[in-house]
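Dear colleague,

Please find the structure below, which I am handing over to you. My notes on it follow directly after.

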Amino acid sequence: MIYSIVKYGHPVLEKRGEDVTEFDTPELHRLVEDMFESMYAAKGVGLAAPQIGVGKRLAVIDISTGEDPAQKIVLINPEVVKTEGSHKSEEGCLSLPTFREQVVRPLKVTVRARDAKGKEFEMAGDELLARALLHETDHLNGKLYISHISALKRDLIRRKVRKLQKAGEWE
Ligand code: NI
């Protein structure tokens, strides 16, 4: 099932999700599959559960955009355990369509999380993968990438979104 993506302005995006406590259930596996399907349909490289209106700490990532099944990542209850360096690159979010900004993030990151079966793992990534791991972990903590840009740029985006909402072009 393909979910529609919740857009910026919806409170679920700015609330910390609840930790997932039940693993390896048919419902959880279904949700993970649906999230991959929804992410590919929206042409994203990551999708967090709050973005489909589900306030849980679960996200999926695939920086190969469906080209390489080995790169599919399920990230449940993730915590950042280590970061290194700094890297500036353009970033966007499916919940903020049409907007893109330069965002400074650590160059390398190590996260600890669980998979859909509940197995704990640690994974390290750099550049785009690091960015995706951090962006999705942020989502699960109720944070959007625009919290990492200047207040001036963030206000500009807020104003543009408000205009689009008034015009009925932001649903
Ligand atoms: Ni996002």
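The notes below cover the source of the model, its largest pocket and two backbone angles.

This is a predicted model, in which local features need pLDDT of at least 70 and side-chain atom pairs count only at pLDDT 80 or more, while totals for chains, interfaces and linings use all residues. Residues are numbered from 1 along each chain as its sequence is written, and side-chain values use heavy atoms, with hydrogens and water left out.

The largest pocket (an open set of points on a 1 Å grid over the protein atoms alone, where a 1.4 Å probe fits, with protein on both sides within 12 Å along at least five of seven lines) has a volume of about 360 Å³. That volume is the space filled by probe spheres set on the points, which are joined across faces, edges and corners. Its lining comprises 21 residues, and V45, E91, G92, C93 and R100 lie nearest the centre; a lining residue has an atom within 4 Å of a point. Two or more lining residues come from each of β4 (87–91) and α2 (127–140), and α2 gives the most, with six. Helices (H or I, at least four residues) and strands (E, at least two) are DSSP runs, numbered from the N terminus.

Most residues other than glycine have a negative phi. K43, however, has a positive phi of about 60°; K43 sits in the loop between α1 (26–41) and β1 (46–48) and is exposed (over 50% relative accessible area, 1.4 Å probe, protein chains only), at 72%. N77 also has a positive phi, near 50°. N77 belongs to strand β3 (residues 73–84) and is buried (under 20%), with a relative accessible area of 14%.

With kind regards
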